[in-house]
Amino acid sequence: MYTKHEMEKAIQLREEGHLIESNELLIQLAKEHHGDPVINYQCAWSYDVLGEEREAVPYYEKAISLGLEGEDLEGALLKLGSTYRTLGEYEKSRRTFLKGIELFPHNHAIRVFYAMTLFNLKDHNQAMEILLKSIAETSNDPQLVSYKRAIEFYSDKLDQVWD
């Protein structure tokens with residue numbers, strides 16, 4: 001069993017901008033504790049922040065398959081879906097985000113990143129609908145709040161013309 005101190009050290013290194021050192025420590029922890037979903041998640045994240053998305057994927061996938069839970073699962077689904085998108089694996093991205101939306105329906109970040117994937121898949125209408133609804137539901141801007149009902153109403157009617 002790894003010590004909590006080792007994991008905290010790796011996260012602290014990442015937070016302080018020592019990304020390579022954090023990644024190296026997490027790789028070692030993942031080798032020693034390959035069946036730990038949290039370590040695999042943190043290792044994936046450490047590759048992600050280094051811009052090494054392709055290396056992050058197997059760690060995200062493994063963390064999720066090992067039963068990652070709660071906020072970590074929520075973050076892993078968002079990050080994996082986004083990583084698939086940046087790698088051009090749009091269908092995998094879509095499936096990952098749909099799972100995230102199913103499990104975490106109130107997470108607007110997952111929805112917004114899903115909309116980016118829909119854009120890549122040329123489903124512009126659904127992407128805009130999701131973005132507009134997220135804006136309407138989350139914005140505190142007084143001008144947007146005053147038009148919330150209209151934004152929500154038109155979100156799925158962007159191609160409709162009224163005579």
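Among contacts in the protein between residues at least 6 apart in sequence, 42% join residues at least 24 apart. The model is predicted. It contains 10 helices and 0 strands. Along the sequence the pattern reads α-α-α-α-α-α-α-α-α-α. Taken along the principal axes, the C-alpha atoms fill a box of roughly 65 × 35 × 25 Å. Of the 163 residues in the protein, 37% are buried.

Helix α3 was examined in detail. The helix spans residues 37–49 and has 13 residues. From first C-alpha to last it reaches 19 Å, close to the 18 Å expected at 1.5 Å a residue. At the N-terminal end, Asp36 acts as a cap. A side-chain oxygen of Asp36 lies 2.8 Å from the backbone nitrogen of Val38. After the helix comes Gly51, with a positive phi near 80°.

Most of α3 is covered, with 10 of its 13 residues buried. The buried set begins with Pro37, Ile39, Asn40, Tyr41 and Gln42. Cys43, Ala44, Ser46, Tyr47 and Asp48 are also buried. Four helices receive the buried residues of α3: α1 (4–15), α2 (19–32), α4 (53–65) and α5 (70–86).

The pairing of α3 with α1 was then analysed. The two helices pack at an angle of about 20°, and their axes are 11 Å apart. An angle under 35 degrees counts as roughly parallel, so α1 and α3 are roughly parallel to each other. The crossing of α1 past α3 is left-handed. On the α1 side, the contact is made by Met7, Ile11 and Arg14. On the α3 side, Val38, Ile39, Gln42, Trp45, Ser46 and Val49 take part. An α-helix has 3.6 residues a turn, so residues three or four places apart point the same way.

Gln42 belongs to helix α3. Its relative accessibility is 6%, so Gln42 counts as buried. Leaving aside residues up to four places away in sequence, Gln42 touches Met7, Ile11, Arg14 and Leu26. Met7, Ile11 and Arg14 are the α1 residues in the contact between α1 and α3.

His5 also lies in helix α1. With 55% relative accessibility, His5 counts as exposed. His5 and Glu69 are 64 residues apart along the chain. Their C-alpha atoms are separated by 21 Å.

A second helix pair is formed by α6 (residues 90–103) and α7 (residues 108–120). Their axes come within 9 Å and cross at roughly 155°. Angles over 145 degrees count as roughly antiparallel, and α6 is therefore roughly antiparallel to α7. In this pair, α6 passes α7 in a left-handed crossing. From α6, the residues involved are Tyr90, Ser93, Arg94, Phe97, Leu98, Gly100 and Ile101. They meet Ile110, Arg111, Phe113, Tyr114, Thr117, Leu118 and Asn120 in α7.

Ala109 is placed in helix α7. Ala109 has 35% relative accessibility and so counts as partly exposed. Ala109 and Ser134 are 25 residues apart along the chain. The separation between their C-alpha atoms is 8.9 Å.

The loop between α7 and α8 (124–138) contains Lys122. Most residues other than glycine have a negative phi. Lys122 is not a glycine, yet its phi is positive, at about 65°. At 63% relative accessibility, Lys122 counts as exposed.

Ser155 is located in the segment after α10 (148–154). The relative accessibility of Ser155 is 1%, so this residue counts as buried. Apart from residues up to four places away in sequence, Ser155 touches Glu129, Leu132 and Lys133.

Terms used. Residues numbered from 1 in each chain as written. Predicted model: local features only at pLDDT ≥ 70, side-chain atom pairs only at ≥ 80, totals over all residues. Heavy atoms only, no water. Expected span 1.5 Å × (residues − 1). Buried < 20%, exposed > 50% of the residue type's maximum accessible area, 1.4 Å probe, protein only. Contact = heavy atoms within 4.5 Å. Polar contact = N/O pair within 3.5 Å; in protein donor to acceptor, adjacent residues only side chain to side chain. Axes fitted to C-alpha atoms, helices over the stretch in contact; angles between N-to-C directions. Parallel < 35°, antiparallel > 145°, perpendicular 65-115°, else oblique. Left-handed = near helix turned anticlockwise from the far one by under 90°.
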